[in-house]
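Here is a set of questions and answers on one protein chain. Keep the sequence and the 3D view open while reading.

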Amino acid sequence: MWRPPPGWPSLGQGPKSKPIINPTTIRHRHHEARARNPPPPPCLNPTAEMFLRSLLRRGAAGSAASGIRAPAARLDPPASLASLLLASRSYAKAKGGGKPAASTSNRGKIRVKDPKGVASEDASASGESSASTGGADELDAEFEMPTDPLPPTYDPALDVGPGGRPLFAFTDTFASFSHRGANAYVDFSKDEWDATLPEGLPAGMMKEFQDTRRCAVMVRESFLDLRDNFRRIVDPAITAKRKETKRQIILDGPRSCGKSIALAMLVHWARTEGWLVFYVPHGRDWTHGGFFYRNTYSDLFDTPVQAGKVLQDFLKYNEARLQQLPCQIFEPIPLGEGTGVGMMKGADTVEMPEGSTLYDLIQTGITHSHAAVGVVVRLRKELSLVKDVPVLFAIDQYNSWFTFTEFQEPVTVRSCRSIHAKELTMANAYRPMLHNDMMVGAFSHSTAVGKLRQELPDVPSDARLMFPRYTADEAETVCHYYMRQKIIRRESFSEEKWKKIYYLSNGNGSEMRWLAAFI
């Protein structure tokens, strides 16, 4: 028979009163328990512990080198510092995966990893086992491009290139350069570039200007060959001793070898010589963005947004010259849909009056969006008839006109078909090279349009010209220029190091600029 233990209230009795416990007794018992079983030290992240050990060793080595006898440093970090590192690293992981929340635009990253998963030389030198640092499988090493003040713009003591040659050529045009003076930099201001090329500058050129903090470009042998090719076509004084010339050229070559920059320099030279240049710095914009519609007269697709921008850009630099060139074609210009307003009621064509100039033609397309695409097509025909001044067509990202666009035409309720660039009215008018006009197109492999076949439709078979990467002499000049702009530190610069950069990048311009910060 079960019986309740002593102290339990029996039937008919109230609950037994509880004993009173002194709070001082509880505190004494708690301290005795902590003394018998001390709490474990804060757990430290292996990566933080590795960095902390490295800092402590370096501090001890510095004290010994300076003659100061420091007390024996304990390898284990203090508990307060360990907990702080652990908390901050955990917070960083929770907020952004261990990476900083914000970074400057001139900051780069490298991911360093050794075969054992330990990304530190100090950890291997300390002789620790790989198990203690197994958690540090990857580290994010950060570097920043220089932001310290630049020296004076021109200083003969600093503006020295390879072999003691001057690094800069003091000129305001590329026309005065000869092959003997190649591999020298020409320094223009940003305002001068914008005034001569108001349509815009290539992305690679803008990146170079931003990183070097100077709007200077190097005159290469390959650019001089390209310039002399068109100079021999126009200049009668050198036609007797000219070599083989090409009126249509496609600049092809590896990525970041300088095709777009060479094309921009060619446009700059031609405009300072008084040429009329139709320059398209971003040909991909003709096949992406805006809206499109099918033209019922030509059965092609019109893009009035791009047409209006092309006319405005062409007018920025050539306005004075276009006011002097008369129109030679007076056939009616077909109208299409305007930018978001549909077809014009009561009219389907527009005619240019007698005595109109090319400036009046372009103003018609800008004012009336229904006629923008038709005016762009008519302008192509008018420019081919101009004889008073040399005319050059310069198209960057030219390979975008041989692939599919981002536009899609509905076929059924559930399917669409991609529209090719040749089906666009503007690209179809400006893409062919089978004519007698001077035209240069530069491929842009940065736009990732895919590899094209060797023979392209409506393009001469011998038009493609492979543009080279930096040669060894050009790479040496580039590294001297980077040292002048403090991307490379002068005390760290040597012939061995710039050659390492050149061979590691294989003459790639953007990779050389990226590797220069590690010297």
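Q: Is arginine 231 buried, partly exposed or exposed?
A: In this predicted model, the relative accessibility of arginine 231 comes to 21%. Buried would need a value under 20%, and exposed one over 50%. Arginine 231 is therefore partly exposed.

Q: Which residue forms a salt bridge with arginine 231?
A: The partner sits in helix α7 as well, 3 residues away, so about one helical turn separates the two. The partner is buried, at 13% relative accessible area. The closest N and O atoms are 4.0 Å apart, and the residue is aspartate 228.

Q: How many salt bridges does a search of the whole structure find?
A: The pair of arginine 231 and aspartate 228 is a salt bridge. So is the pair of aspartate 159 and arginine 484. The search of the whole structure gives a total of 21.

Q: How many residues apart in sequence are the parts tied together by aspartate 159 and arginine 484?
A: These two form a salt bridge, with 2.4 Å between the closest N and O atoms. Aspartate 159 lies in the loop between β2 and β3, whereas arginine 484 belongs to helix α13, so the pair ties together parts whose separation in sequence is 325 residues.

Q: Are aspartate 159 and arginine 484 buried or exposed?
A: Aspartate 159 has a relative accessible area of 9%. For arginine 484 the value is 3%. The cut-off for buried is under 20%. Aspartate 159 is buried, and arginine 484 is buried.

Q: How many of the 13 residues of α13 are buried?
A: The buried residues of this helix include Cys479, His480, Tyr481, Tyr482, Met483 and Arg484. Cysteine 479 has a relative accessibility of 1%. The helix is mostly covered, and the count of buried residues is 10.

Q: What distance separates the end C-alpha atoms of α13?
A: Helix α13 has 13 residues. At 1.5 Å a residue they should span 18 Å. The model agrees with this: the end C-alpha atoms are 18 Å apart.

Q: Where does α9 bend?
A: Helix α9 covers residues 304-322. As a straight helix, its 19 residues would span 27 Å, but the end C-alpha atoms span only 22 Å. The helix bends by about 65 degrees, and the site is lysine 316.

Q: Which network member forms a salt bridge with arginine 417 at 3.0 Å, N to O?
A: Arginine 417 is partly exposed, at 29% relative accessible area. Its partner counts as buried, at 19%. Salt bridges with shared partners join Arg294, Asp299, Glu409, Arg417 and Glu423 into one network. The partner at 3.0 Å is glutamate 409.

Q: How many aromatic pairs does the rule give, and is the pair of Phe278 and Phe393 stacked, edge-to-face or tilted?
A: The count comes to 22 aromatic pairs. Phenylalanine 278 and phenylalanine 393 form one with centres 6.0 Å apart and 50 degrees between the planes. Stacked needs under 30 degrees and edge-to-face over 60. The pair is tilted.

Q: Which strands hold phenylalanine 278 and phenylalanine 393?
A: Both residues are buried. They belong to a cluster that also includes Trp286, Phe314 and Tyr398. Their pair links distant parts of the chain, 115 residues apart: phenylalanine 278 is in β6, and phenylalanine 393 is in β11.

Q: Which residue lies over the face of phenylalanine 393?
A: Phenylalanine 393 is buried. The residue over its face is at 4.3 Å from the ring centre, and it is arginine 380.

Q: How many disulfides does a search of the whole structure find?
A: Cysteine 215 is buried, with 14% relative accessible area. Cysteine 479 is buried too, at 1%. A disulfide needs a pair of cysteine sulfur atoms within 2.5 Å. The search of the whole structure finds 0.

Q: What is the phi of lysine 486?
A: Most residues other than glycine have a negative phi. Lysine 486 is in the loop between α13 and α14 and is partly exposed, at 33% relative accessibility. Its phi is positive, near 65 degrees.

Methods. Residues numbered from 1 in each chain as written. Predicted model: local features only at pLDDT ≥ 70, side-chain atom pairs only at ≥ 80, totals over all residues. Heavy atoms only, no water. Helix = DSSP H or I, 4+ residues; strand = E, 2+ residues; numbered from the N terminus. Expected span 1.5 Å × (residues − 1). Bend = angle between axes of the 7 residues up to and from the residue. Phe/Tyr/Trp six-rings, centres within 6.5 Å; stacked < 30°, edge-to-face > 60°. Buried < 20%, exposed > 50% of the residue type's maximum accessible area, 1.4 Å probe, protein only. Lys NZ or Arg CZ within 6 Å of the ring centre and 35° of its normal. Salt bridge = Lys/Arg side-chain N within 4 Å of Asp/Glu carboxyl O.
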